[in-house]
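Colleague: Please take me closely through one part of this model, with its surroundings, and keep the reasoning explicit where a cut-off decides the wording.

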Amino acid sequence: RQKKGISDRVSRGVEMIEGSRVLVVDDSADVVEVLSNFLELHSCQVHKAYNGREALKILNQENVDIVITDVKLPDMHGIALLEKIKLMNPTIPVIMITGYFDPGQIVESIKKGAFDFLLKPIEFEKFLLVILRAKRERELLLDMAKIQDSVEEKKKIGFLNRELQKKIRELTNMYRISAEFNRLKLGEDVFEKTVELIHDVFEGRSSAYYMLDTEKQEIVPLR
């Protein structure tokens with residue numbers, strides 16, 4: 001019964017991983033080919049790399065959903081590659097694989113953000129289920145990122161709207177002041193009119209008035 005349950009999950013998983021873009025990284029060409037053939041058989045788009053530099057180059061050029069990498073690479077440790085991938089794009093699940101069982105290495109990988117850790121030789125039923133879970137996590141993280149971006153965008157729009165309304169009020173007040181001064185008649189008390197206008201425009205809020213003292217070369221308040 002347990003095996004039948006696994007087979008059912010695998011059958012459903014095959015359909016759900018179709019179209020996934022997977023990067024396989026291993027210094028063994030045989031491992032890369034076996035995993036790539038299996039993934040392509042299940043309609044995944046596969047990218048291949050044989051060291052960390054090649055993997056990072058592909059990640060910079062292509063959209064990748066999942067990375068599968070060996071722990072031991074010729075130019076860098078797999079955990080170092082994991083850290084770089086997480087810095088580039090934290091939504092990409094990274095599955096670590098190795099031929100050696102090392103509990104400390106497994107714990108370190110998980111701490112650094114590895115999605116899962118598989119031992120060679122790969123059990124393909126388990127491998128397929130891990131790929132399926134990784135794809136689901138990737139989709140969830142992307143949805144969360146979209147929600148976060150939407151929230152941030154709304155905050156920006158709200159701020160811009162408030163700034164726009166503030167600028168509109170300032171321009172409206174300036175227009176009113178300018179229009180009132182243009183209507184001043186010869187002989188009217190400019191200072192008194194200014195006080196009335198400022199009081200009216202700014203709705204009674206307190207204000208102060210200053211004039212330039214040309215002799216002292218300073219601005220002094222009017223009392």
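**A close look at one part**

Modeller: Leu-41 is found in helix H2, and I begin there in order to approach the packed part from its surroundings; please keep in mind throughout that this is a predicted model. Leu-41 is exposed, because its relative accessible area of 66% lies over the 50% cut-off. From C-alpha to C-alpha, Leu-41 is 9.6 Å from Glu-18 in space, while the two residues are 23 apart in sequence. Ser-43 lies in the loop that runs between helix H2 (29-41) and strand S2 (45-49). The phi angle of Ser-43 is near 65 degrees, which is a positive value in a residue other than glycine. Ser-43 counts as partly exposed because its relative accessible area, 41%, falls between the 20% and 50% cut-offs.

Before turning to the helix pair, it helps to have the overall frame. The protein has seven helices and seven strands, and from the N terminus on its elements follow the order α-β-α-β-α-β-α-β-α-β-α-α-β-β. Of its 223 residues, 33% count as buried. Taking contacts between residues at least 6 apart in sequence, 58% join residues at least 24 apart.

The part that I would examine most carefully is the packing of helix H3 (residues 52-61) on helix H4 (residues 78-88), where the angle is about 10 degrees and the axes are 11 Å apart. H3 is therefore roughly parallel to H4, since that description applies to angles under 35 degrees. The crossing of H3 and H4 is right-handed. On the H3 side the contact is made by Gly-52, Ala-55, Leu-56, Leu-59 and Asn-60, and on the H4 side by Leu-81, Lys-84, Ile-85 and Met-88. Sorted by class, this contact of H3 with H4 comprises six nonpolar, two polar and one charged residues.

Which residues of H4 are buried? They are Gly-78, Ile-79, Leu-81, Leu-82, Ile-85 and Lys-86. These residues lie on the same side of H4, because they cover an arc of only 155 degrees around the axis. An α-helix has 3.6 residues a turn, so residues three or four places apart point the same way. The partners of the buried residues of H4 are strand S1 (21-25), H3, strand S3 (66-70), strand S4 (94-98) and helix H5 (103-111). Leu-81 and Ile-85 deserve a second look, since they are among the buried residues of H4 and also take part in the contact with H3.

Further along the chain, Pro-121 lies in the loop between strand S5 (116-119) and helix H6 (124-182), and the peptide bond that leads from Lys-120 to Pro-121 is cis, with omega near -5 degrees. Glu-139 is found in helix H6, and Leu-142 also has its place in helix H6. Glu-139 is partly exposed, with a relative accessible area of 39%, and Leu-142 is likewise partly exposed, with a value of 33%. From C-alpha to C-alpha, Glu-139 is 8.9 Å from Asp-65 in space, although 74 residues separate them in sequence. For Leu-142 the corresponding partner is Ile-92, which is 50 residues away in sequence and 9.3 Å away in space, again from C-alpha to C-alpha.

To return to the central part, the picture is of two helices whose axes are 11 Å apart and meet at an angle of about 10 degrees, with a right-handed crossing. The buried residues of H4 pack not on H3 alone, but also on strands S1, S3 and S4 and on helix H5.

Conventions:
Residues numbered from 1 in each chain as written. Predicted model: local features only at pLDDT ≥ 70, side-chain atom pairs only at ≥ 80, totals over all residues. Heavy atoms only, no water. Axes fitted to C-alpha atoms, helices over the stretch in contact; angles between N-to-C directions. Helix = DSSP H or I, 4+ residues; strand = E, 2+ residues; numbered from the N terminus. Parallel < 35°, antiparallel > 145°, perpendicular 65-115°, else oblique. Left-handed = near helix turned anticlockwise from the far one by under 90°. Contact = heavy atoms within 4.5 Å. Nonpolar A, V, L, I, M, F, W, Y, C, P; charged D, E, K, R; others polar. Buried < 20%, exposed > 50% of the residue type's maximum accessible area, 1.4 Å probe, protein only. Arc of directions from axis to C-beta.
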